[in-house]
Each structure stands twice: as C-alpha cells, then as structure tokens.
Amino acid sequence: MIYILHVFYGMTMAYFGLISPGMLNMTVLKIRINVGKIESLKFALGAALIILFQSGIALFFADFFIKNPKVIEILKTAGIFVFFILAVFFFFLSRKKVGENNMISKGNFFIKGLAMSSVNMLAIPFYLGISIYLGSENKIIIEFPYILFFILGATMGSFLLFYTYIFFAKIISKKISFIATNINIILSLLFLSLGIFTLVKLIS
C-alpha cells in the first residue's frame with residue numbers, strides 16, 4: 001500500500017504541476033490539432049521520459065539533504081522560497097495572454113519532446129520543493145526504493161496530463177485563455193498557501 005501511495009503522490013504532483021497551459025502543454029496541443037494524435041503522443045512520451053530523469057535528480061538531492069539533518073532547516077527555508085517563487089510565476093502566467101505556439105514543424109516529435117522538456121528549468125526545483133515538503137510531512141519516504149515509485153508516478157502523471165490535452169484538444173483550444181487564467185490563479189494561490197503554511201510551521 002505504501003508503494004501505491006508514493007506512486008499516487010508522484011502522479012498527483014506531476015499532473016497538477018504541469019496542468020497550467022505552458023510550453024509543453026501548448027506544443028502537444030498544437031501537434032494534436034495540426035499534425036495528428038500519433039505524433040502528439042510521441043511528443044508526450046519524449047517529454048514524460050525527461051521528467052522521469054528530472055524528478056529522479058530532484059529526489060536524489062532531497063534524499064541526500066534529508067539524510068544530513070544539519071541542512072533540513074535550511075532546506076525548509078529554501079522550500080518556502082520555492083513555493084513563493086512558484087506562486088509569483090503562476091500569478092504572472094495568469095496575467096499573460098496565451099499566444100500561438102509556432103514551434104510546430106516536421107521532424108521526429110519524440111526527439112522534440114525530449115528536447116523541449118529538457119529546457120524546462122522549473123522542473124527540478126519544483127520536484128525538489130514538493131518532495132521535501134511531502135517528506136517533512138511524512139507523506140512520502142525519501143529513500144530507496146520508495147523514491148523510485150514516486151518517480152514512476154511523476155512520469156505517469158506527466159504523460160496522463162499530456163494525454164488530457166491531447167484527448168480534449170478541441171475543447172481546450174477553444175477555451176484556452178479562460179482555462180489558463182483560472183488554472184494559473186488557482187496554482188498561484190495553492191503555492192502561496194503552501195509557502196505560508198510551511199513558514200508558520202518553521203517559526204512556530
């Protein structure tokens with residue numbers, strides 16, 4: 001059961017961490033509409049594969065830090081900053097109009113997924129902050145083999161989110177501005193709340 005919980009937390013964090021219309025989601029959406037479902041699935045697989053490595057790197061560092069008690073308080077403080085930065089980031093995304101994505105061209109869409117996911121600079125800090133928070137709340141165990149199940153869940157959650165965009169491509173494309181604004185505001189408030197909650201626990 002505990003392994004399933006780690007997969008669940010990984011899937012949930014990845015799904016909601018990527019749900020905001022961003023570079024990867026908008027690209028998979030445009031590929032689905034302009035090229036086809038198969039090519040969009042190839043892109044999604046490539047992007048999700050990179051997330052496997054990104055979440056793995058984050059969990060590796062989280063494992064290292066948690067095994068060194070002297071830096072736990074520093075990490076909790078860092079986690080607060082990560083949450084506040086993510087809150088600001090999603091707030092500004094909510095203020096920005098979602099434009100057309102011109103990155104669609106012919107070629108190997110699996111490789112394109114790998115490449116575009118690789119330049120997502122927020123992925124590792126996101127998983128590091130989330131894993132430290134979940135670990136400090138005793139929701140997950142940040143050590144082997146448990147982190148492998150969390151990483152597996154994160155990869156599955158990422159692909160599931162991409163598939164959601166693929167499956168509902170026509171609906172999402174018509175309502176993208178409304179969805180983007182509201183999703184980003186919700187995520188901004190969520191990370192702001194997590195930051196405040198963590199800060200209160202740290203100083204209490």
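These legends describe close-up views of one predicted model.

**Figure 1. Overall view: a protein built from helices.**
The predicted model holds 9 helices and 0 strands. Read along the sequence, the pattern is α-α-α-α-α-α-α-α-α. The protein has 204 residues, and 44% of them count as buried. Contacts between residues with a separation of 6 or more were also sorted by distance along the chain: 87% of them join residues 24 or more positions apart. The protein exposes about 11,100 Å². Carbon and sulfur atoms supply 73% of that area.

**Figure 2. Helix α1 and its buried residues.**
Helix α1 covers residues 2-18. How far apart are its end C-alpha atoms? They are 24 Å apart. The 17 residues of the helix should span 24 Å at 1.5 Å a residue, so the two values agree. Several residues of α1 are buried. Among them are H6, V7, Y9 and G10. T12, M13, A14, Y15 and L18 are buried as well.

**Figure 3. Aromatic rings of Y3, Y146 and F149.**
The structure holds 7 aromatic pairs. One of them is formed by Y3 and Y146. Their ring centres lie 5.4 Å apart, and the planes meet at 25 degrees. Why does the pair count as stacked? The planes are at 25 degrees, and the cut-off for stacking is under 30 degrees. The pair links distant parts of the chain. Y3 sits in helix α1 and Y146 in helix α7, 143 residues apart. Is Y3 buried or partly exposed? Y3 counts as partly exposed, at 35% relative accessibility. Y146 is buried, with a relative accessible area of 18%. Ring pairs join Y3, Y146 and F149 into a cluster.

**Figure 4. T155 in helix α7.**
T155 lies in helix α7, which runs over residues 146-167. Its relative accessible area is 14%. T155 is therefore buried, as the cut-off is under 20%. Which residues does T155 touch, leaving aside its neighbours within four places in sequence? T155 is in contact with A48 and L52.

**Figure 5. A47 in helix α3.**
A47 is found in helix α3. This residue is buried, with a relative accessible area of 0%. Leaving aside neighbours within four places in sequence, A47 is in contact with L24, G113, L114, S117 and F162. How far is A47 from F109 in space, C-alpha to C-alpha? The two are 9.8 Å apart, although 62 residues separate A47 and F109 in sequence.

**Figure 6. The salt bridge between E39 and K42.**
How many salt bridges are counted? The count comes to 1. E39 forms a salt bridge with K42. The closest N and O atoms are 3.4 Å apart, and the cut-off is within 4 Å. Both residues lie in helix α3, which spans residues 37-66. E39 and K42 are 3 residues apart, about one turn of the helix. E39 is partly exposed, with a relative accessible area of 22%. K42 is also partly exposed, at 36% relative accessibility.

**Figure 7. L122 in a loop.**
L122 belongs to the loop between α5 (109-118) and α6 (123-136). The residue is partly exposed, with a relative accessible area of 29%. Which residues does L122 contact, its neighbours within four places in sequence left aside? L122 is in contact with L86 and F89. L122 and L86 are 36 residues apart along the chain. Their C-alpha atoms are separated by 8.8 Å.

**Figure 8. A nonpolar surface patch.**
The patch measures about 690 Å². Its residues are V88, F91, F92, I185, L189, L192, I196 and V200. Helices α4 (72-95) and α9 (176-203) each supply at least two of them. Which helix gives the most to the nonpolar patch? Helix α9 does, with 5 residues. One patch residue, I185, lies in α9. I185 is partly exposed, with a relative accessible area of 32%.

Conventions
Residues numbered from 1 in each chain as written. Predicted model: local features only at pLDDT ≥ 70, side-chain atom pairs only at ≥ 80, totals over all residues. Heavy atoms only, no water. Helix = DSSP H or I, 4+ residues; strand = E, 2+ residues; numbered from the N terminus. Buried < 20%, exposed > 50% of the residue type's maximum accessible area, 1.4 Å probe, protein only. Contact = heavy atoms within 4.5 Å. Salt bridge = Lys/Arg side-chain N within 4 Å of Asp/Glu carboxyl O. Expected span 1.5 Å × (residues − 1). Phe/Tyr/Trp six-rings, centres within 6.5 Å; stacked < 30°, edge-to-face > 60°. Patch = residues over 30% accessible without salt bridge, like charges linked within 9 Å, V, L, I, M, F, W, Y side chains within 5 Å. Areas by Shrake-Rupley, 256 points an atom, 1.4 Å probe, with all protein chains shown as cover.
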